[in-house]
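Trainee: Could you walk me through one part of this model up close? I'd like to look at the place where the protein meets the RNA, and at how charged side chains pair up.

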Amino acid sequence: MKMSKLFVQTLREVPSDAEVISHQLLVRAGYIRKLTSGVYNFLPLMWKVLKKVENIIRDEMDKAGAQELLMPFVQPKELWEESGRWGAYGGELMRLKDRHGREMCLGPTHEEIITSIARDGLKSYKQLPVNLYQIQSKFRDERRPRFGLLRGREFIMKDAYSFASSQEDLEKEYQNMWQAYTNIFNRCGLATKAVQSDSGAIGGNVSHEFMVITDTDAGENDVFYCDDCDYAANSNHAISKLPQAVIDGAGYFNKTEIVSTPNCHSIEQLAEFLKIQPTLILKSLVYIIDKKPVIALIRADKAAEETKLLNAVGGLEIRIATSEEIAEVMANHGFKAVPGFIGPKGMSDLTIIADETVKDMKNFVVGVNETDVHMVGANLSDLGITDLKYADIRLVEAGEFCPQCGKPLKVTRGIEVGNIFQLGTKYSKPMNGVYLDTDGIAKPYIMGCYGIGVTRTAAAAVEAHHDEYGIKWPLAIAPYHVIVVPVSEKEEQQVAVANKIYEELRSSGIEAVLDDRDERPGVKFKDADLIGFPFRITVGKTIAEGNVEFVTRSTNEKLVIKPEEAISRVIEAVKNIK
RNA sequence: CGGGACGUAGCGCAGCUUGGUAGCGUACCACCUUGGGGUGGUGGGGGUCGCAGGUUCAAAUCCUGUCGUUCCGACCA
């Protein structure tokens, strides 16, 4: 491809709406263009990158025995009602009506469709196990699209679904996909960590997320991991062992009584006022889960993790209550305490979830729904709670100890590029996706699903590989392998040699660009760095000695070598990725 | 969805307070210049000032509404 004809417009300035580096660079280097919020045009350079990522995925999925198909993007409401998700899936599901008023949605994922395909075709245990996948655009009407391709509304995803007749076969396929994913991300030049993750409100099934570790804002997930063993988990799923703490207030309080604690609105103020550790305080939080108030109790030096709490309740939507809503809950129970003094007392008609940390607390401090006082030396029996459910709803913090080996946990941020999930019969059961087993009995498929964000993977590669000048694509997913740059279009010898190198590269199957623009060298170099060609062959004044300059973008290492050697280095590198 | 900010040329922005010819940089076109890290100059093309309504002799500017974008909090590939 000649640079003069390549469809790319580079920008000097950062677009005002681009927050993270991958978004900024992909726009500046002419890969993407926003159409509307969370929806992007993939321009020719981007499309080449995406196709390479897709083809790596295809190759590994096919090797792993999966079969590619393609399902529709627009889906009928009826299937979603069968699975129960028409109601359960929130605002992310883009719903629309056709001209006859039939309700449809844009596919955010395809469990319903694949299950309907499977139940038509997979009738016998003899046909199982099977793994089917597609690579396709998805649409999720995100509450807040941001970070460019990292969280778009329309994005390209590889989604695979496996069907098995036993849990053992499912687990075998799960491991199979785990290995395929490891291969895929390695080939894309991305180091990933597989971490345990939350698997949604329904069912306690197994799932792992593949995270690209980037300690920047672009990593939206907190990942806790242990250096001494293989433990790694998303913050919404992580567990930990806690260090020893003072959790019995017997030495601090002689008896159970109500004491005055004026203006102690925060845990810090209260702990300081009473001259105790926060570990002796029971914190009471009010959440709104599926529109109903829920009381969460936790030792006050720890924070609640909302996804865990949501799962403990079995709800779909969670948020912290506003002060108005707290006032309303108080009023409904005959209290009028302000936040800071609320507690579970007299709230037994509400769902009350207590964190595991609460179990061992004794003679603690707790709010009793009366402003400016707390009960000290209290135990749960003093509060008249009749119904209490214990669950782990605690947010893990760095420095707590690994649940497997007891060493301190570390935290980092990660971009989730893939996820594997043991679904079980979550969809096959309600949708009547069944096969006949050896005993002649119809049984639901035991399913798994496996996703990779294709567009997100490409963006994550930019997050992981760039410098102040631009992108440093891993060779396997770069739009082109090499750019050949004659320094001056006026120098006949430079132009002639550059042309010859370019033609030789092309005839060797190398994806090359020739920068034939009549631009100053600075412009050409800046564009080459920004766009991120893995190799640059510059033909300049050193051609007088028969040499060219060979620059490796990943390291910015510069060599002055013969043209033939530059060519063979590129050919060799490209051979090694295939 | 709640809270803040912003909509003026492809991109980045000024102008608005105090109403009166729509500007700057960059990108694009032409010519000259320069030729190893976004060279310098001259001349050009390109804008219903997000949209609608209102006030006014006159609205980018003031008022009302609306749509869009974006940042901060709860979900996910």
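Mentor: Sure, and one term first: a residue is buried under 20% relative accessible area, exposed over 50%, and partly exposed in between. Keep in mind that this is a predicted model.

Let's start with the RNA. There are 52 residues around RNA strand B, and Arg-12, Arg-33, Arg-140, Asp-529 and Glu-549 come nearest. On the RNA side, sugar and phosphate make up 52% of the strand B atoms that come within 4 Å of the protein. Sort the residues of that surface by type and you get 26 charged, 14 polar and 12 nonpolar.

Now zoom in on some contacts. Arg-140 has a side-chain N or O atom 2.4 Å from a sugar or linking oxygen of RNA strand B. The bases are touched too: a polar side-chain atom of Arg-536 sits 3.1 Å from a base oxygen of strand B, while Phe-525 uses a backbone N or O atom, 3.4 Å from a base nitrogen. Several elements give two or more residues to this surface, among them strand E8 (154-164), helix H13 (521-531) and E29. H13 gives the most, with eight residues.

Follow E29 away from the RNA and you reach a sheet. This sheet is open and has five strands, in the order E28-E27-E29-E30-E31, with mixed pairing. Its edge strands are E28 (512-514) and E31 (557-561), each pairing on one side only. Strand E29 (residues 535-539) runs antiparallel to strand E30 (residues 548-552), and four bridges join them. One detail to find on screen: Phe-535 has Thr-552 as its bridge partner in E30.

Next, the charges. Side chains of opposite charge can pair when their charged atoms come close. The count here is 44 salt bridges. One of them joins Arg-102 and Glu-78, at 3.5 Å from N to O. Those two are 24 residues apart, with Arg-102 in the loop between strands E5 (95-97) and E6 (103-106) and Glu-78 in helix H3 (residues 77-83). Arg-102 counts as partly exposed because its relative accessibility is 42%, and Glu-78 is partly exposed because it has 42% as well.

For a contrast, look at Lys-359 and Glu-356, whose side chains meet at 3.2 Å, N to O. Both lie in helix H10 (residues 356-359), three residues apart, about one turn of the helix. Finally, salt bridges with shared partners tie Asp-467, Lys-472, Asp-529, Arg-536, Glu-549, Arg-553 and Lys-558 into one network.

Key
Residues are numbered from 1 along each chain as its sequence is written. Chains are lettered from A and ligands numbered from 1 in the order in which they are written. This is a predicted model: local features need pLDDT of at least 70, side-chain atom pairs count only at pLDDT 80 or more; totals for chains, interfaces and linings use all residues. Side-chain values use heavy atoms; hydrogens and water are left out. Two strands pair if DSSP finds at least two bridges between them. A residue is near a molecule or strand if one of its heavy atoms lies within 4 Å of it. A polar contact is a pair of N or O atoms within 3.5 Å; within protein, one must be able to donate a hydrogen and the other to accept it, and residues adjacent in sequence count only if both atoms are side-chain atoms. Ala, Val, Leu, Ile, Met, Phe, Trp, Tyr, Cys and Pro count as nonpolar, Asp, Glu, Lys and Arg as charged, and the others, Gly among them, as polar. A salt bridge is a side-chain nitrogen of Lys or Arg within 4 Å of a carboxyl oxygen of Asp or Glu. Buried means under 20% relative accessible area, exposed over 50%, partly exposed in between (1.4 Å probe, protein chains only).
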